[in-house]
Amino acid sequence: MKNGTLGTIEQVSARSMTVRTDHGQSVTFDLKDYNRIDHGYAATIHKAQGMTVDRAHVLATPGMDAHSSYVALSRHRDGMELHYGRDDFANPDRLRRILSRDRAKDMASDYERADPAQGYAERRGITFRERVAEIVREVVPEKLRDMFDGIRSPSDVPGPDGGRRVERETPEPERSGAGAERRETESPERKVGEEAEKEMRRLRTRALVRHARAVDAIFEAQEMGGEATPEQVKELQQARKVFEKVRPYGSHDAEAAYKKNPDLAREAAVGRVNRAIRAQQLETELRINPGRRADRFVEHWQKLDQASLRQYQAGDFSGYNATRSAMGDMARGLERDPQLESILANRKHELGIAFESGRRLGLELAFSHGLDLGRGRGIEI
């Protein structure tokens with residue numbers, strides 16, 4: 001049995017439990033060795049891959065894309081209901097766009113590109129969004145199909161000149177002769193939609209740059225041995241609000257990337273946003289995929305632990321202290337992330353924890369490794 005396994009309790013006592021997993025295996029274990037158990041009524045999309053249930057309820061979130069939507073919307077045999085919150089999706093159009101996007105392309109295209117030579121349309125072909133639309137028509141109840149109809153944008157269809165043309169669902173016009181060309185006109189509604197999306201990319205880019213400037217100003221103050229001024233704190237708070245309006249979780253994911261690499265904030269602050277966008281995209285992936293986040297945490301922790309040992313043996317105490325401080329930041333961060341802390345509870349041996357102390361994982365890491373859980377970078381205001 002591994003973390004995330006689902007099953008039905010067959011027998012339970014004060015010391016042990018017997019569970020029949022959904023794969024048909026009967027497992028008995030001591031609750032002293034494995035006590036991180038919770039109700040299994042919900043699972044992440046990542047964990048649901050390969051699973052089939054009679055009925056499914058899907059909660060749409062801003063981190064979803066065409067691939068995860070396909071996984072989530074095809075787990076059921078008899079019925080499925082899709083739910084979403086208006087705080088995440090202001091209108092059905094945004095819901096359609098998010099659930100049908102090709103993440104690798106669409107997340108980057110949420111912003112204006114710093115390199116105009118690689119335009120949005122030039123990088124798109126027939127995308128996975130079409131496949132999602134096809135699958136949705138097969139697996140989603142009739143009442144939900146209209147949410148996914150017409151999700152192909154004008155830029156999805158290549159034109160005869162190598163550019164992009166508009167695809168219409170109306171019958172092909174009759175040809176007046178053998179060499180006549182088919183002409184298609186762009187509807188006013190689609191043109192308005194394209195202009196609106198272009199404006200949203202511009203607003204997201206401006207919000208990203210403003211937020212990066214606010215973060216970078218605080219980083220600079222800390223590097224000089226000082227603290228953020230009240231004006232800098234206020235600007236960061238306002239920049240976060242603006243960013244969240246145009247890109248949910250945008251400031252959260254960006255700040256997670258900037259903490260790991262402050263140079264990204266400095267670059268984005270002057271308009272060089274490409275690397276910051278890629279890093280933000282990775283942080284989004286880590287946020288919505290707990291299993292991958294746990295893998296990254298363990299991998300990074302082990303690298304820092306090994307580096308600190310080498311630095312200590314080499315007498316590099318400045319580097320040693322900096323590495324230990326980074327480990328302290330990671331341990332302290334678990335206090336604000338109970339989901340990740342719960343997943344990591346079964347991987348303590350990989351984190352160098354030899355004995356169970358009964359403490360929360362972050363405190364247990366600090367105790368086992370002798371870490372100081374002092375303040376980290378002060379952008380969590």
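Hi everyone, let's start with tyrosine 249, which is partly exposed, with a relative accessible area of 33%. Keep in mind that we are looking at a predicted model. Where does tyrosine 249 lie? You'll find tyrosine 249 in the loop between helix 8, residues 230–246, and helix 9, residues 250–260. The backbone there deserves a look too: phi of tyrosine 249 is near 65°, and that is a positive value in a residue other than glycine.

Let me zoom out for a moment. The chain has 15 helices and seven strands. Of its 381 residues, 40% are buried. If you take the contacts in the chain with a separation of 6 or more, 59% of them join residues 24 or more positions apart.

Now, on to the helices. I'd like to walk with you from helix 10 through to helix 13, one pair after another.

Helix 10 covers residues 262–269, and it packs against helix 11 at an angle of about 130°, with the two axes 8 Å apart. That angle makes helix 10 oblique to helix 11. The crossing of this pair is left-handed. On the helix 10 side, the contact is made by Asp263, Leu264, Glu267 and Ala268, and on the helix 11 side by Arg275, Ala276 and Ala279. Sorted by class, the residues of this contact between helix 10 and helix 11 come out as four nonpolar, no polar and three charged.

Staying with helix 11, here is a quick geometry check for the modellers in the room. Helix 11 runs over residues 274–288, and at 1.5 Å a residue its 15 residues should span 21 Å; the end C-alpha atoms are 22 Å apart, which agrees. Which residues of helix 11 are buried? They are Ala276, Ile277, Ala279, Gln280, Gln281, Glu283, Thr284, Leu286 and Arg287. You may recognise Ala276 and Ala279 from a moment ago, as both take part in the contact with helix 10.

Next comes the step from helix 11 to helix 12. The axes of helix 11 and helix 12 come within 5 Å and cross at roughly 110°. That makes helix 11 roughly perpendicular to helix 12. Helix 11 brings Leu282, Glu285, Leu286, Arg287 and Ile288 to the contact, while helix 12 brings Pro290, Arg292, Arg293 and Arg296. By class, this contact of helix 11 with helix 12 has four nonpolar, no polar and five charged residues.

And now helix 12 with helix 13. Helix 12 spans residues 290–313 and helix 13 spans residues 317–333; they pack at an angle of about 155°, with their axes 8 Å apart. Helix 12 and helix 13 are therefore roughly antiparallel to each other. Their crossing is left-handed. The list of contact residues goes like this: from helix 12 we have Phe297, His300, Trp301, Leu304, Asp305, Ala307, Ser308, Gln311 and Tyr312, and from helix 13 we have Phe317, Gly319, Tyr320, Thr323, Arg324, Ala326, Met327, Met330 and Ala331. In terms of class, the contact of helix 12 with helix 13 has 11 nonpolar, five polar and two charged residues.

Let's run the length check on helix 13 as well. Its 17 residues, at 1.5 Å each, should span 24 Å, and the end C-alpha atoms are 24 Å apart, which agrees. The buried residues of helix 13 are Gly319, Tyr320, Thr323, Arg324, Met327, Gly328, Met330, Ala331, Arg332 and Gly333. What covers them? The cover includes helix 12 and helix 15.

That brings me to helix 15, residues 361–369, where glycine 362 lies. Is glycine 362 buried or exposed? With a relative accessible area of 1%, glycine 362 is buried. Its C-alpha atom is 9.8 Å from that of arginine 336, and the two residues are 26 residues apart along the chain.

My last stop is glutamate 356, in the loop between helix 14, residues 338–344, and helix 15. Glutamate 356 is exposed, with a relative accessible area of 60%. Leaving out residues up to four places away in sequence, glutamate 356 touches Lys348 and Glu364. How many residues along the chain separate glutamate 356 from aspartate 33? They are 323 residues apart, and yet their C-alpha atoms are separated by 9.7 Å.

That's my tour, so thanks for listening!

Note on methods:
Residues are numbered from 1 along each chain as its sequence is written. This is a predicted model: local features need pLDDT of at least 70, side-chain atom pairs count only at pLDDT 80 or more; totals for chains, interfaces and linings use all residues. Side-chain values use heavy atoms; hydrogens and water are left out. Axes are lines fitted to C-alpha atoms, for helices over the stretch in contact, and angles run from 0 to 180 degrees between N-to-C directions. Helices (H or I, at least four residues) and strands (E, at least two) are DSSP runs, numbered from the N terminus. Angles under 35 degrees count as roughly parallel, over 145 as roughly antiparallel, 65 to 115 as roughly perpendicular and the rest as oblique. A crossing is left-handed if the near helix is turned anticlockwise from the far one by less than a right angle, and right-handed if clockwise. Contact means heavy atoms within 4.5 Å. Ala, Val, Leu, Ile, Met, Phe, Trp, Tyr, Cys and Pro count as nonpolar, Asp, Glu, Lys and Arg as charged, and the others, Gly among them, as polar. The expected span of a helix is 1.5 Å times one less than its number of residues. Buried means under 20% relative accessible area, exposed over 50%, partly exposed in between (1.4 Å probe, protein chains only).
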